[in-house]
Amino acid sequence: MRILRVAAIAAGGLLLMSQLVPAQASGRPSYQWELTPTGSTAQFRGLAAVSKDVAWVGGSGGQVLRTVDGGKSWQNVSPAGAETVQFRDVEAFDAKRAVVLSIGNGGDSRVYRTVDGGQSWTETFRNPDANAFYDCFDFFDDKRGLALSDPVDGKFRILATSDGGKSWQVQPTAGMPAALPGEFAFAASGTCLVAGPGRTAWFATGGGERPRVFRTVDGGKQWTVADSPMASGEAAGIFSLAFRGPLFGVAVGGDFLKPAEAVKAASVTYDGGRTWKLVPADKAPKGYRSGSAFVPNTPATVIAVGPSGSDVSYDGGRSWTQFYDGSFDSVECAGHGVKAGCWASGAKGAVARLTR
């Protein structure tokens with residue numbers, strides 16, 4: 001199952017250099033993606049937005065790139081000796097400090113850390129368990145973070161750091177609910193696990209008889225779980241979570257094998273993930289979506305991306321409108337005020353910045 005899933009997700013989608021869909025309804029901002037030249041052909045599913053000027057991407061072939069000038073130029077800052085791994089998640093604190101996660105069974109799941117803009121890297125974790133497979137990670141702040149592995153011995157596994165990724169510790173599973181048969185997380189965009197305010201975090205699943213969202217309020221020791229009304233199956237479930245605050249959240253996904261179909265592809269929560277409401281098909285994204293993010297400086301605007309296009313919601317995920325029909329895998333937003341920015345990344349070295 002994991003081999004099939006990795007192969008399918010690694011295949012990705014062909015970047016469509018297509019025209020934008022017409023602008024949004026009157027009175028609302030219209031968005032578009034401004035592609036930036038990376039000089040790479042890697043597939044970038046790992047993405048970290050720091051601001052409108054600074055972003056990091058990680059992808060196939062062990063590649064990591066960084067921009068500090070809004071995408072006008074990109075530096076290849078890939079860790080030496082990591083050419084065989086796939087980086088699926090990047091978390092960056094600023095232009096100098098970043099942590100990247102590679103995926104795979106056993107030793108293919110690794111964490112590398114830099115504090116000098118990628119001039120040098122330190123490998124701070126290499127998974128010693130052949131049964132573990134790390135999908136994604138996120139940080140509460142520049143010290144505390146969590147990484148998520150698919151189930152080992154019937155339970156999802158959590159890896160934690162309290163020193164900015166210098167060291168990692170596997171957490172006890174006594175407080176983790178049992179996984180469903182066939183349940184796993186998707187290493188599609190680095191947003192299958194997201195950290196919220198305080199010590200709250202969530203992760204999402206698929207593959208089983210129903211998708212679910214797990215929630216912790218104590219930094220990853222104890223977890224509760226809620227069923228989702230979204231699609232589930234061999235290649236279906238929740239691929240991405242995005243939260244604004246402790247209560248207001250969006251989940252997107254669908255069926256990876258049906259990228260142009262909105263197969264129960266989105267849901268929303270207003271109570272911190274305790275319950276989820278399905279977005280009707282006529283108001284949902286126009287296909288499978290692998291990444292999502294709230295837009296800074298807006299009350300409830302969310303962007304979702306996937307192989308068949310990008311969608312925007314102005315009402316916190318209750319209704320969506322497609323604004324781009326090209327392919328991206330990941331989207332991240334960060335920053336405040338005039339420094340805020342959103343970025344997307346995907347196949348064939350594609351990285352873009354959101355513009356209004």
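This report describes the pockets, cavities, aromatic contacts and disulfides of a predicted model.

## The largest pocket

The largest pocket encloses about 1,000 Å³ of space. Its lining is made up of 37 residues, and those closest to the centre of the pocket are D138, A195, E332, C333 and A334. Seen by element, two or more lining residues come from each of β2 (44-49), β6 (86-92), β10 (134-139), β14 (193-195), β18 (236-244), β22 (291-294) and β26 (330-334).

In chemical character, the lining of the largest pocket consists of 23 nonpolar, eight polar and six charged residues. Two of the residues closest to the centre, D138 and E332, belong to the class counted as charged. C333, also among the residues closest to the centre of this pocket, takes part in a disulfide with C342.

## The second largest pocket

The volume of the second largest pocket is about 260 Å³. Fourteen residues line this pocket, and V295, A340, G341, L354 and R356 are the closest to its centre. At least two lining residues are supplied by each of β27 (341-345) and β28 (351-355). The greatest contribution is that of β28, which gives three residues to the lining.

The residues around the second largest pocket divide by class into six nonpolar, five polar and three charged. R356, one of the residues closest to the centre, is of a type counted as charged, whereas G341, also among those closest to the centre, is of a type counted as polar.

## Enclosed cavities

Rolling a probe the size of a water molecule over the atoms shows where empty space is left. In this model, two cavities of 30 Å³ or more are found. The second largest cavity has a volume of about 30 Å³.

The residues that line the second largest cavity are F156, R157, I158, Q171, P172, T173, M176, G220, K221 and W223. By class, this lining comprises five nonpolar, three polar and two charged residues. R157 and K221 are among the lining residues, and both are of types counted as charged.

## Aromatic contacts

The count of aromatic pairs in the model is 23. In one of these pairs, the ring centres of F184 and F186 lie 5.1 Å apart and the ring planes meet at 80°, so the arrangement is edge-to-face. Both F184 and F186 are buried. The pair of F256 and Y288 is likewise edge-to-face, because the planes stand at 85°, with the ring centres 5.7 Å apart.

F256 belongs to the loop between β19 (248-255) and β20 (266-269), while Y288 belongs to the loop between β21 (277-278) and β22; the pair therefore ties together parts that are 32 residues apart in sequence. F256 counts as buried because its relative accessibility is 14%, and Y288 counts as buried at 1%. F184, F186, F239, F256 and Y288 together form one aromatic cluster. Elsewhere, the ring of W56 has the charged end of R66 sitting over it, 5.9 Å from the ring centre.

## Disulfides

Two disulfides are found in the whole structure. With bonded cysteines counted along the chain, they follow the pattern 1-2, 3-4.

One disulfide links C136 and C192, with an S to S distance of 1.8 Å. The torsion about this S-S bond is about -110°, so the link is left-handed. C136 is in strand β10 and C192 is in the loop between β13 (169-170) and β14; the bond therefore ties together parts that are 56 residues apart in sequence. C136 has 0% relative accessibility and so counts as buried, and C192 is also buried, with a relative accessible area of 0%.

The other disulfide joins C333 to C342, with an S to S distance of 2.1 Å. The link of C333 and C342 is right-handed, with 110° about the S-S bond. Both C333 and C342 are buried.

Methods: Residues numbered from 1 in each chain as written. Predicted model: local features only at pLDDT ≥ 70, side-chain atom pairs only at ≥ 80, totals over all residues. Heavy atoms only, no water. 1 Å grid on protein atoms, 1.4 Å probe; cavity = no way out; pocket = protein on both sides within 12 Å on 5 of 7 lines; lining within 4 Å. Points joined across faces, edges and corners; volume = space filled by probe spheres on them. Helix = DSSP H or I, 4+ residues; strand = E, 2+ residues; numbered from the N terminus. Phe/Tyr/Trp six-rings, centres within 6.5 Å; stacked < 30°, edge-to-face > 60°. Buried < 20%, exposed > 50% of the residue type's maximum accessible area, 1.4 Å probe, protein only. Lys NZ or Arg CZ within 6 Å of the ring centre and 35° of its normal. Disulfide = S-S within 2.5 Å.
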